[in-house]
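Here are my notes on the model you sent over. I've set them out as numbered points, so feel free to reply to each in turn.

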Amino acid sequence: MFRSRSWFGVGLWKPKNPHSLDHLKYLYNVLSKNQTVSESNRGLLVETLRSIAEILIWGDQNDSSVFDFFLEKNMLSFFLKIMKQKCGSYVCVQLLQTLNILFENIRNETSLYYLLSNNHVNSIIVHKFDFSDEEVMAYYISFLKTLSLKLNGHTIHFFYNEHTNDFPLYTEAIKFFNHSESMVRIAVRTLTLNVYRVEDRSMLRFIRDRTAAPYFSNLVWFIGNHVLELDACVRNDADHQSKNRLADLVAEHLDHLHYLNDILCLGIADLNQVLTDHLLNKLLVPLYVFSLDRQKTRSSSPKNSQPYVSSVVSLFLLSQVFLILTHAPLVDTLAKIILHADRLIFSNSSTQDKIVLLQQGKASVIQPGFLPPTESLEISLEISLDVSSRSMSADSAELASPCTSEPRSRQPSLDDGTGTTDKGSEEKVDHDKDNTEANLNITDEEKHLLKVLECQSGPLACPSSTCGDSNAAPSEGPLLLSPEGPVPLAQPLSNQPFIESVYNALNCQENDYAALFALCLLYALGKNKGVSGALLHGVLYPCQRPDTPCTPLLNRYNLSLVEKIVAIITLSCQPSAKVRLVTLELTIRLLTQIVMNANVSFLQDGHLAAIEGAKEESSSVLRNFYKSEEIFLDMFEDEYHQMKKKPLNVEWLTMDSNVLLPPTGTPLTGIEFGKRLPCGEVERARRAIRVFLMVRDLSLVLGMESERALPLTDSSTCVQVDHVLNLNNSDLIGCNVVLKDGSRMHRFLVIDVIQLILVEPTRRLGYGVAKLVGFLQDIEVTGDKDDSRCLHITIHQPLSSGISKRVPLLSAKFIFDDHIRCMAARQRLTKGRAKARQKKMVQIARLLDIPVPQSTASSSAAFNLHAARRQESALRGGIRIAGGREQRQVYNAQKLPGHAAALRRENTPSPSNASKSPDRTRVRDSSRSREASPKPMRPRSEEIPLEDIAKVKDQGSVSFKDNSPLLPVPMTSSILTSNTSTLSPSHVSLQSSAMSESAGPSTPSSHSPAKVSEETSFTSRASSQNSNSGGQRRRGQVETV
Amino acid sequence: MSYAYLFKYIIIGDTGVGKSCLLLQFTDKRFQPVHDLTIGVEFGARMITIDGKQIKLQIWDTAGQEAFRSITRSYYRGAAGALLVYDITRRETFNHLTTWLEDARQHSNSNMVIMLIGNKSDLESRREVKKEEGEAFAHEHGLIFMETSAKTAANVEEAFINTAKEIYEKIQEGVFDINNEANGIKVGPQHSPTNPSLSPNGQDRGQGGGCC
């Protein structure tokens, strides 16, 4: 009947209209005629199902009668009937996809309610599909997920039946929580979160009472096993072979934590309590925290077969926990256990409930320990739901195992009984052993303290009886933390084995493998919002009551920890230290956190002296790398900018599985530089630079001083594009700039002290506007072999711009009026570049306390010329200056760029040195004698012609022209003025040291006056902190303290 | 149905850019909405052929799950390819690409192939984002780019298949570790190295009934 009507209808209006009620009627007819699936009608059925989905969506948006018909004919029941036959994946998949499309696209709320109103959807949910077929599985779980996205306060009642305590959508889905397919697991997690966030009390009560314990205990066990796998991966992969696998496991663990955090962040109090309980009692404490202190526990009770992970892994995982989870009751309790609990929490059953107590005084009957759930989630759920549907009788608990019973079980006694009889006896033995061993190794003093501790822990038992009402705030919890504040510091660490092992891990003598994660953990603990401040003040932050008279300055911070930290810093500054840069950076950050409050440092003098000593050490290491080679300056500036631009992100650090493997030195692993040890001379130099910069920075922070010497380029004094400049009296060279694309413009070239500027004249006479500005140090100049009037100039981006791809700022051909001007320009550029670099090298030398020769004494051009020629001839003769003298003397500013080959240290003799060994002594002598007189140090062969040219120019006044580069004779005085005018004030002091140098011209004596001044300045340093020269002075302090 | 490889894709982008429509259009071609019907789906699978090999694509839409950090994280990690979709008629969906891309780069494995898709190319009259802009963005970030229309099905096949080709090439080059399923790539049953000559038919029957 329908068929003929629809055929008639279709024939009448449109030959084929798939979107009409009539078409649906036709499809209904097909379905009702093909209720049995067979080989022959499969294709037809699938096609029909697809069409139904399409029509229904069309109907939902256009014609409500379509939906009415669908419901009236109860067409969903056909779906069920088809499903119940073993119809194969082909039909099943289409069926599920049709349902997916239906629920995904329906906009009309009433349509949705109608679809859900009869229980068909729930019947489909509980249908046992062939889940071994991955396609069916994927469509099925997507269907559930789609449904979960439709959940809200109204629709929840179609899925959750309060009276029968039935919630198939949720209970069926969570059975796949550990499915091998990651996408399925993600869908399950999405679904659970979508369920939890529906605010429906009775549903949430059902979730908590009937499903939370089974689900969470299984989930926690699943996570724990991932952790064991991760540990095995780390253990068996010292050679970095299965990095991918490890990376996955680490990422997986992060996923778990983020999932747990997402649940906890929904803020469903009851659910969070169950979850927190399980996490603490079944995973975090018995596996993670237990493994921190495993060595001792194992030695004292060899029988103990409890699973564990290596302490490195445990530190790493705990860092992740504290970086991600912020649920206060969870992290605060965990922090307390790590900071204050003793080994007894693992020892016997009577203390087991300590963990329970710690959790905000709420009771739990979960038996602590990392143990597998007694049965699979599916069975637990069945039992739990079965029981509930039958009756709420008392025997229900008998069926439920300890770990699956609800947290608020009505039979705590029953669980206690079963939980402790078998386990308890065994553990008791372990505990006794523990005690005897402990007693053997401790001093009387410690014994006393142990008693004290036991007394303190006595009252712990009390709240257990009154747990119901002790909803105390975490900070007031029944813990060992006394309200007096820094008492924890006074307690010997042996009573706090967990934090003790964290501190012990900070030992970097062999390597910094574990230390890095111990630092991560401490840092994460300190930064976690959920951990109460009371727990951390005095441990990871300065004590908060500085005004209390009874608290001497001594106890303002965690002394033992700071000592460990200072030791790491000191060690890092050793030349061959096995401390990675990332470790040092984190150490420094932690130190400032522990000893500083509101930018005020509480660091004691002894510790401060140690830091200063470390800085001194680091600068002396760096002095060995201070080279004339160009790359040194570039490296120095690059390291500085990287340090400033990319501060360490600890969360990202703990996402990197590479750091979980033992530290390595080779870059072949692909591990970035900061996270491994240096390899080769260049990397060692980079490391030395970075260590110096970081420790210097720390020293400034601790000294509450501001940075004055870095960055080397003071950008505030630089000319910027569009600045209008007074160019009267400056050297201007007119030129045409031809770009790569052929465009050409006329500009004037101005060469400043550190910058090259292309200006365009303005209307005001003698003034110009800067069109392009580049740093002289970044230019490359080459001549043109075909045209003597041309130069090819490339200006690179400054390192400080932080652009990784260094696209040149400008790369162009400069055409000058004639070849003389061209030569002049070239010379100025080349020399300007050398000078700009030299100037910075001098700045670095100052930072490193390398004596900077300032040839202030004589300034006769003739003399300079003469000396320069002498030197030049010496160089031409192929004689190399062997660095046989004390190293310090090698670092003369004059022997900077361009003279790389001329300078060698004794330990790396150049080939020519070896061949001309007889000459060597002579040269050394001559160089020493030259050294004795400061005069010949100034000039350089390159300068000669330049100065000749420059001589005719006049001196330049104080304005911009003062900075014009080719400052002629008298060289030295002008250099000095330009220094004072352009450098930061801290350098002014150098004038005086330079003076003293000139007063006592011989090198050894010239060095000592500087030292004296340092030492004298130290004495007044505290009072006058503005007494400049940030870095250098401190040295004296360390030596005298 | 048996396959040589299974690639998992995710589709990301702002809401309303037509992600689920693209997905449905690709996996079930019959929904060519001549009539004005927007219809989408969150999951779909389809078999394609590349280089004579059967490759199954599984596409997961991540819509509606942005509220949970753990979910987006996990999705990214489990995928071998991602379609990053914006709507050419809504400038803001284009502006948000950077955020999406950062997210993707942060959470996904480094080899994930990302294709940028400017959807709704049929609505030329309402275009707000020029094709050149999409191209430039893709070029800058090393993505493949295409403009598609889920409505007219223009370029939809190509978008999914080109992404698959890229992944396939990476497998051939050995960039992807195919033994690691966490990468979003699965090796099909007949590709098991132990018995490559095994006829897939036997397994086929067992799994998927009447696929013929």
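1. A word on terms before the interface: contact here means heavy atoms within 4.5 Å. By that criterion, 54 residues of chain A touch 46 residues of chain B. Keep in mind throughout that this is a predicted model.

2. Confidence comes next. Chain A has a mean pLDDT of 68, with 63% of its residues at 70 or more. One weak stretch is residues 348–365 of chain A, where pLDDT is below 50, although the model gives that stretch 51 contacts beyond near neighbours in sequence. Residues 855–1041 of chain A also stay under 50, and there the model has 263 contacts beyond four places in sequence. Where pLDDT is low, the predicted coordinates should not be read in detail. I'd apply that caution to both stretches.

3. Now the general build of chain A. Its secondary structure comes to 43 helices and twelve strands. Of its 1041 residues, 57% count as buried. Taking the contacts in chain A with a separation of 6 or more, 72% are between residues 24 or more positions apart.

4. How much area do chain A and chain B bury between them? The figure is about 4,300 Å², and 49% of it is on carbon and sulfur atoms. On the chain A side, Glu134(A), Met183(A) and Ile186(A) lose the most area to chain B, and together they make up 14% of what that side buries.

5. As for polar pairing across the interface of chain A and chain B, the rule finds ten salt bridges. It also finds 16 residue pairs in polar contact there, with both residues at pLDDT 80 or more. The elements of chain A that give two or more residues to this side are α3 (42–62), α6 (88–105), α9 (134–149), α12 (182–196), α14 (243–265) and α33 (650–653). By residue type, the side of chain A that touches chain B divides into 18 nonpolar, 16 polar and 20 charged.

6. One of the bridges between the chains deserves its own point. Arg77(B) and Glu252(A) meet through their side chains in a salt bridge, at 3.2 Å from N to O. The pair runs from helix α2 (residues 69–77) of chain B, which holds Arg77(B), to helix α14 of chain A, which holds Glu252(A). Are these two partners buried or exposed? Arg77(B) is buried because its relative accessible area is 11%, and Glu252(A) is buried too, because its value is 12%; the cut-off for buried is under 20%. The two also belong to a network of salt bridges that links Arg185(A), Glu252(A), Asp255(A), Arg73(B) and Arg77(B).

7. Over all chains, a search of the whole structure finds 38 salt bridges. Within chain A, Glu229(A) and Arg245(A) form one, at 2.1 Å from N to O. This pair links distant parts of the chain, with Glu229(A) in helix α13 (residues 201–235) and Arg245(A) in helix α14, 16 residues apart. Glu229(A) has a relative accessible area of 36% and so is partly exposed; Arg245(A), at 37%, is partly exposed as well.

8. Another bridge sits inside a single helix. Arg50(A) pairs with Glu47(A), the closest N and O atoms being 3.3 Å apart. The two are three residues apart in helix α3 of chain A, so about one helical turn separates them. Glu47(A) is partly exposed, with a relative accessible area of 32%.

9. Two buried positions in chain A are worth a look. Leu275(A) lies in helix α15 (residues 269–292) and counts as buried because its relative accessibility is 0%. Beyond its neighbours within four places in sequence, Leu275(A) is in contact with Phe216(A), Leu260(A), Ile263(A) and Leu264(A). From Leu275(A) to Val566(A) the C-alpha distance is 39 Å, with their positions 291 residues apart in sequence.

10. The other position is Ser572(A), in helix α29 (residues 559–572) of chain A. Its relative accessibility is 1%, so Ser572(A) counts as buried. Which residues is Ser572(A) in contact with, leaving aside its neighbours within four places in sequence? They are Ala577(A), Val579(A), Leu584(A), Arg687(A) and Val691(A).

Note on methods. Residues numbered from 1 in each chain as written. Chains lettered and ligands numbered in written order. Heavy atoms only, no water. Buried area = accessible area lost by both parts, 1.4 Å probe. Salt bridge = Lys/Arg side-chain N within 4 Å of Asp/Glu carboxyl O. Polar contact = N/O pair within 3.5 Å; in protein donor to acceptor, adjacent residues only side chain to side chain. Helix = DSSP H or I, 4+ residues; strand = E, 2+ residues; numbered from the N terminus. Nonpolar A, V, L, I, M, F, W, Y, C, P; charged D, E, K, R; others polar. Buried < 20%, exposed > 50% of the residue type's maximum accessible area, 1.4 Å probe, protein only. pLDDT = per-residue confidence, 0-100.
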